[in-house]
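Me: Please take a close look at a single helix in this model, and then place that helix within its chain and the contacts the chain makes.

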Amino acid sequence: MNVNVANLLPRVALAIGVWVVFALTDENYRRVDNFFPVFEGFALIGLVALGLSVTMLAGELDLSVGSVAAVAGIIAVKQSGLGLVPCVALAVLCTAAFGAAQGYAIARLGINSLVFTIGTLIAISGLAYVMSDEQSVLIDLNDLGLSDTITNRLWIFSPFSLTTIAAFVLVGAFLSVTRWGREIYAIGGGRNEARAAGVATVRPIVIAFTLSAGLAGLGGALASLKSGAAQPGGYDSVLLAGVTAALVGGVSLYGGRGDVLGVAVGVLTLQFLLSGLSSRGAEFYVGSLATGGLLLVVLLVELIVDRRQVLRYMRRPAFSAGEP
Amino acid sequence: MALLGENGAGKSTLVKILTGLVRPDAGTLAIDGQPVELSTPARSRAAGIAVVQQELSLVPTLSAAENMAIGGGHVSGLWTRRRLVRDARPYLELVGLDYLDPAMPVESLSIAERQRVEIARLLARQARILILDEPTAALADVEIERVTQLVRALADEGRSVIYVTHRLDEVFQIADRVTVLRNGESQPPVAVRELTLDTLVARILGRPLEAMFPERNRSDGDPVLQVVDVLTDGLAAPVSLTVHAGEILGLAGQLGSGAPRVLRAVAGVQHLRAGQVSVAGRQVVTYPIRRAIRAGIAYCSDDRKRDGLFPIRTVTENLTTPALGAVAPHGVVVRRREKRLAQELAGFFQLDRRRLDHRASTLSGGNQQKVALGKWLGVRPRVLLVEEPTLGVDVGARAEIYAHLRTLARDGLAVAFASSDFAEVLGVADTVATFYRGRLVRIAPATELSAADVLRDVTHAAAAKAASA
Amino acid sequence: MSTDRGIAAPPSGASARLVDRGDWRRFVAPAVVVVAAGGILLAGGLTTAAFLTVDNFLIIVRAASITGIVALGMTFVTISGNFFSLSVEQTAALSSIAFAESFAHGWGLLAALGCSFCAALVTGAVQGGMVAAGLNPIVTTLGVGAALYGLAAVVTNNEVVNFDTTPAVTWIGTGRPLGIPTQSWAFAIFTLLATLVLLRTRFGRETYLVGANRNAARASGISITRTTILAFTLASLAAGIAGVFTAAQITQAPLTQFSGLNIDVIAAVLVGGTALQGGEGSALRSALGAVFIALLANFMLLRDFTYGERTLVTGLIVVVATSAFHLLRTRGTR
């Protein structure tokens, strides 16, 4: 994998630092056992962040991931009778197909992905409510065993978190050793330059959005099955968490920079923070404050450290469609 | 094959036809005797044609190896870093970049190195016909040497190279034949060994200077702008010059000569590394732009699309932007004043007053340029600096712009403009300063210079003379 | 001949053409919205009994007003080329909490207003400063919004702040001068004010110019920093006003009162036709957008659409409208 070690080390240090801060004062936190809930949180946010970061690498942003995850959860729970793998596969297929359509529309229209995905965020959220009749969809009692399967504890992992880790490995490989993966970096690092060099711009965008919707769908499906219920509005906060994790992990908003290892570190950092707070008995909203704070701190640090990137963004020409 | 010609002669159009961006209205293209259709960039690439433009097409965040691989369709299978680097090395070696780590992101390379990476990419794509558009424009002397040697070596290997340039010394150094374009027409190619510097210069000049330049006036005013020993990015040696009230100073120089850099430093667009600038006897600090504007310096860049115009706003709004302080004295826009100023400026610049409420993007190139220039008069500057005053402007509007510059000078402004069109400089300016490769070559009254003199200065023909001897 | 979009120079014969083709397009967006709104009114009036009644009309208008006021503020951010602020709902919540807490502590109306507006102004200016320094506006406001939410929850211990109302507060929240709710008066007045500011003041002009071409604005001596900070401050202030109105109306400040406002406001601005890239648009468009969405929502409600169905339809309208406006803007320049 093309890993920028210089970029990764400070982030790993940050993750360890956050862990240490909480571990020093909280005995429960120090225990190895505590890594299990950490990785459970990692499982869902990791998938969302992974997909989101692919769109960010391409120089776009998919705001609809929360709604998509909700829809996937509803599909999976409703179809739980098919068995674990088939119902999840069905959910992922549906969301991935939607992602492909969305990516195609964005690429062909040349429209800014922010504008487009705000609309789809609303629409798909509405769809979730329609599909679930405005209430939580409970899993069929016969299929409760599925939840157990997913939360089956294997040391500090579970099938859910292992799936996420596998997804990271696969997407990471895709991005670093395939031509299509490189094209995503290319159009993100310099849309005009890539076009001038002959890179097709439609395909990488379609791939990026298919991945973001598909991975969010995978996360939503598994998380909903795990909890035994799918709530139509249950994934509203994953967008913030995903973006924060991606940025903390070194994925640049301006496109073209970042790698999945960094994203994984970013998700872990966030999870260390959140689990540390909850272990202390803090209310859920403190997590919001902390996440927002972490995001702002990382943004400011990046600003100071790399004015060059920001100046290039600020001097961007007045007419360039598609750049967030 | 060196392709020569002034701006507007048709060089870039020809390049666009060859690379599939523009369709020819008539005529045929043939490669190896077979007619070809170059209707899309992909077809052009498939035909073995590749181009290195002035605006490089390297993605900054990708490595050299990756940049060389993308977009060409010639790399299949797994794209591991090791493989890409391995594939890239031989071509990087060919262009003399064997010391480079192909896995470094391209943004950490110098412009010269990036240029060579682009050439390496062409080679990796097995291009047989290379088009290089002003490849040495942004390079330092020693780098130019390397590039020209490389180009010669590539041609010696059997590739065809179209070398678009204005630098005659390079032409005599490495070109086999020369094609001169004039006013959209090409002359038959001539072998370089059959040319001397003078005959080549004569071929380029060709047409008589049109009578589109206004009468000069005597400029005995006081010095308004004094630039002493300034150094800035793009200049290789300090530059000093003075512009008097009523005088038009023309800075002649081609791409990479440093002429526009002087203006930009005075205008506050780039940092002054050394030297002083004085306006009407008082030394001023000109960075950032707002300070320069307050000191009475107005600057109009060469790229009105980038920073000279607000295309989706109306002409009136465009014209009154620098003068918002006067047009909206207490924060509220006084419509009457705005209208009056816009009409006044429109009248002065002969812009159709009926178009004042239309979007600036609906104007022709010439009128857009007038707006980009004209808006500065609203703040009553002491100095007007312009880069490429008639770039992208049709012939009719050119004469008008020249006349306006002259009128402004007559009204007491100090006007200085930089242009790569040496005929324009000679025709309009009272005093001419010639630049080549970041150095001021000479300053002389326009009446004492001939077109050939200026052309020689800006193309460093002294070196060319030595080469052609 | 340039092949760039947007400002390609037409051949010289075009100087004879005096019609600015871009001109009529400027009126398409609001015209479409008005026509569509008219269509809904017609359809509604013909098919649904309770639609064209005064009471219903007042419901629509009041619902539109809160979103509309904030949309007006958001418009400044969008026109200046800074896309959106994703923290308006949290700013509104924070303001309403400040308002309620002031009363709960026994302070008077003026102090309460001062507190809430102060909170809004400060958060707006800070965000504006961060964006002016170079941070991406979307992510910055996303982060600040989350932080504000957490902050508000911590300050109130996640409890709803109740307070005793006073006649003045009751009037602000539920008064109906001439039969029209105070919020709607405010909405109308602010629409007018925002329009005046955008079209008639130096700041308004600079906002358009910075959005239209940032580099050219800088080259002309305009202070990008000042314009950006002011734009974000105005957006926050609008959110603060919405917060105060709502708190006054329900005499409490629940933390999640404004949940979903970010999206609603953005939808209103987009449906109204203001371009994301900035440089053009108007306060009126955003106001019309807010009214249209409220109209549509009300119509659907009366037709017994479920929440999900209403949301779905609204989302589809946003997608279609923005795509259509985008196509209009980019395809037909000449």
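Reply:
**Helix 14 of chain A and its surroundings**

The cover over the buried residues of helix 14 of chain A includes helix 12 and helix 13 (260-279) of chain A, together with helix 5 (137-156) of chain C. Here two residues are in contact if their C-beta atoms, placed from the backbone, lie within 7 Å, and a residue is buried if 20 or more other C-beta atoms lie within 10 Å of its own, exposed if 12 or fewer, and partly exposed in between. Helices (H or I, at least four residues) and strands (E, at least two) are DSSP runs, numbered from the N terminus.

This is a predicted model, in which local features need pLDDT of at least 70 and side-chain atom pairs count only at pLDDT 80 or more, while totals for chains, interfaces and linings use all residues. Residues are numbered from 1 along each chain as its sequence is written, and chains are lettered from A and ligands numbered from 1 in the order in which they are written.

Among the buried residues of helix 14 of chain A are G287(A), S288(A), L289(A), A290(A), T291(A) and G292(A), followed along the helix by others including L294(A), L295(A), L296(A), V298(A) and L299(A). The 22 residues of this helix should span 32 Å at 1.5 Å a residue (the expected span being 1.5 Å times one less than the number of residues), and its end C-alpha atoms are 32 Å apart, which agrees.

Helix 14 also takes part in the contact with chain C, where 41 residues of chain A meet 48 residues of chain C. On the chain A side, two or more residues come from each of helix 6 (113-132), helix 12 (238-248), helix 14 (284-305) and helix 15 (307-314), and helix 6 of chain A gives the most, with 13 residues. By class, that side has 28 nonpolar, 10 polar and 3 charged residues, where Ala, Val, Leu, Ile, Met, Phe, Trp, Tyr, Cys and Pro count as nonpolar, Asp, Glu, Lys and Arg as charged, and the others, Gly among them, as polar.

As for the chain that holds this helix, the secondary structure of chain A comes to 15 helices and 2 strands, and 59% of its 324 residues count as buried. Of the contacts in chain A with a separation of 6 or more, 81% join residues 24 or more positions apart. The C-alpha trace of chain A spans about 55 × 45 × 35 Å along its principal axes.
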